[in-house]
Amino acid sequence: MVHRRHQWRWSNLWRRGGNKPFSRSTSAANSDLEEAVVTVIAPRTYNVEGPREACHNPEQEFNNAVLENGAPTVGRNGETQDSSSITRSIQQRLSCFQWAIIFLFVFSVIVVAVVVPVVKNQNDSPSPQTQLPPLDTAYLQEIRALLVPPELWTDSNAPQLRATELMAIQQPPISVNSSRLYQRYAILTMYFTNGGERWHDVDPMMHECDWFVVECTSQKVVELNMGNRLDMTGSLVSELGLLSLLRIADFGRNRLEGTIPSTLYELTNLVTLRLSSNRLSSTISSSIGNLTKLRSLRLNDNFFDGTLPSSLGLLTGLTRIAVESNFFTGNTLLEYMPKWTNLEYFDVSDTDISGTI
């Protein structure tokens, strides 16, 4: 390609030479002229192959050199590297990574070797609560003779004996002339009878008034709020009758079985008796008429049967009666309703109780 502005040179040369072929000297001159022309117009010419050659990718060359095993290549910093140097670089990086893995492994082994024995020793070592003082055998014999029925003395697993053993190692010991001795004995007997070892947040070594399910007034138990909180099993203990100041006895929503102990009817200060949602059975004693202060009676969802005693008519202060979902029969209960002038809730559904209101 020749630029238009240089065409006059070609025409002049042609006119100077005429129709004669170029001589050697003329060809040399033309060659020099062509170099000059090419030099002048070079900035305006384009080489199709040029961009491909100029646009090289160093990283691609680096990768290709590694794949070719020994072909020299240009490194990332413009330095010539052969395959051996590349291999060494890769090996160095792998070596550093391997050393890091080895270090982490050794560090983990050291931590496990140091921490695990310490934790195990802490778990194996007895806690301050389990380090009990020595048993006062003389005191134990004295309180057993005072509290435990003789027929239970030979049964080492009896909850009553376990209760007195715990009382005999507590310091200072409770005086045998103190009313708290009977209270403590009743609470611990209930603890060992009704699965107390599984109760959360209840420590038998603590004062019973510090249990979260017990309320006291002047260090005297007045409330047992055991309902739906401890998952009690077994039967109700007769020792509950020793809690003479008890006002609220809530044992609902547990897994209690058996019958209502007769001593429970001796708690004449009871205002609330809740035994609902258990597995209690048998009949209701006429002694329930002793609970003249009772306001709420909940016996529902059990296996009680028989006829409800007429002594219920003596409980004129009742405001709530729930006896549904039992096997009660008879028609006398409805006869007492006129006496319950404060009654607010009454449920005898899912029973065989009949009659008219």
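1. Two strands pair if DSSP finds at least two bridges between them. With that in hand, look at S9: its leucine 280 is the bridge partner of glycine 258. Strand S7 (residues 255–258) and S9 run parallel and are joined by two bridges. Bear in mind as you read on that this is a predicted model.

2. Staying with S7 and S9, glutamate 257 stands opposite arginine 279 in S9. Glutamate 257 has a partner in another strand too: in S7, it is the bridge partner of serine 235. That pairing belongs to strand S5 (residues 233–235) and S7, which go together in the parallel sense over three bridges.

3. Next, follow S9 to another neighbour. Strand S11 (residues 303–307) runs parallel to S9, and two bridges join them. Here serine 282 stands opposite phenylalanine 304 in S11. So far, then, you have S5 with S7, S7 with S9 and S9 with S11.

4. Now for another sheet to trace in the viewer. Seven strands make up an open sheet with mixed pairing, and the order to follow is S3-S4-S6-S8-S10-S12-S14. The edges are strand S3 (214–217) and strand S14 (345–347); each has a single partner strand, so one side of each is left without a neighbour in the sheet. On average, neighbouring strands of this sheet are turned by 15 degrees against each other, direction ignored.

5. For a look inside that order, try strand S6 (residues 248–250) and strand S8 (residues 272–274). The two pair in the parallel sense, over three bridges. One pair to click on is isoleucine 248 and its bridge partner in S8, threonine 272.

6. On to the helices. Two packed helices are described by the angle between their axes and the distance between the axes. For helix H7 (residues 159–169) and helix H8 (residues 180–193), the angle is about 125 degrees and the axes are 8 Å apart. That makes H7 oblique to H8. The crossing in which H7 passes H8 is right-handed.

7. Which residues in H7 meet H8? They are Pro159, Gln160, Arg162, Ala163, Thr164, Leu166 and Met167, and in H8 they meet Leu181, Arg184, Tyr185, Leu188, Thr189, Phe192 and Thr193. Sorted by class, the contact of H7 with H8 has eight nonpolar, four polar and two charged residues.

8. Is H7 mostly covered or mostly open? Mostly covered: eight of its eleven residues are buried. The buried residues in H7 are Gln160, Leu161, Ala163, Thr164, Leu166, Met167, Ala168 and Ile169. Helix H6 (137–147) and H8 are included in what covers them.

9. One residue on the H8 side deserves its own point. Threonine 189 is found in helix H8, and it is buried, with a relative accessible area of 0%. Leaving out residues up to four places away in sequence, threonine 189 touches Pro159, Gln160, Ala163, Val237 and Glu239.

10. The loop between H7 and H8 is where you will find proline 172. The peptide bond leading into it from glutamine 171 is cis, with omega near -5 degrees. For background, most residues other than glycine have a negative phi, and most peptide bonds are trans.

11. Phi is worth checking at two places. Glutamine 219 is a residue other than glycine, yet its phi is positive, near 65 degrees. Glutamine 219 lies in the loop between S3 and strand S4 (220–225) and is partly exposed, with a relative accessible area of 46%. Serine 277, also not a glycine, has a positive phi of about 60 degrees. Serine 277 lies in the loop between S8 and S9 and is partly exposed, with a relative accessible area of 22%.

12. Last stop, serine 285. Its place is in the loop between strand S9 (279–282) and strand S10 (296–298). Is serine 285 buried or partly exposed? Serine 285 is partly exposed, because its relative accessible area of 28% falls between the cut-offs of 20% for buried and 50% for exposed. Setting aside residues up to four places away in sequence, serine 285 touches Tyr265 and Pro309. Serine 311 is 26 residues apart from serine 285 along the chain, and their C-alpha atoms are separated by 9.0 Å.

Key: Residues numbered from 1 in each chain as written. Predicted model: local features only at pLDDT ≥ 70, side-chain atom pairs only at ≥ 80, totals over all residues. Heavy atoms only, no water. Axes fitted to C-alpha atoms, helices over the stretch in contact; angles between N-to-C directions. Helix = DSSP H or I, 4+ residues; strand = E, 2+ residues; numbered from the N terminus. Parallel < 35°, antiparallel > 145°, perpendicular 65-115°, else oblique. Left-handed = near helix turned anticlockwise from the far one by under 90°. Contact = heavy atoms within 4.5 Å. Nonpolar A, V, L, I, M, F, W, Y, C, P; charged D, E, K, R; others polar. Buried < 20%, exposed > 50% of the residue type's maximum accessible area, 1.4 Å probe, protein only.
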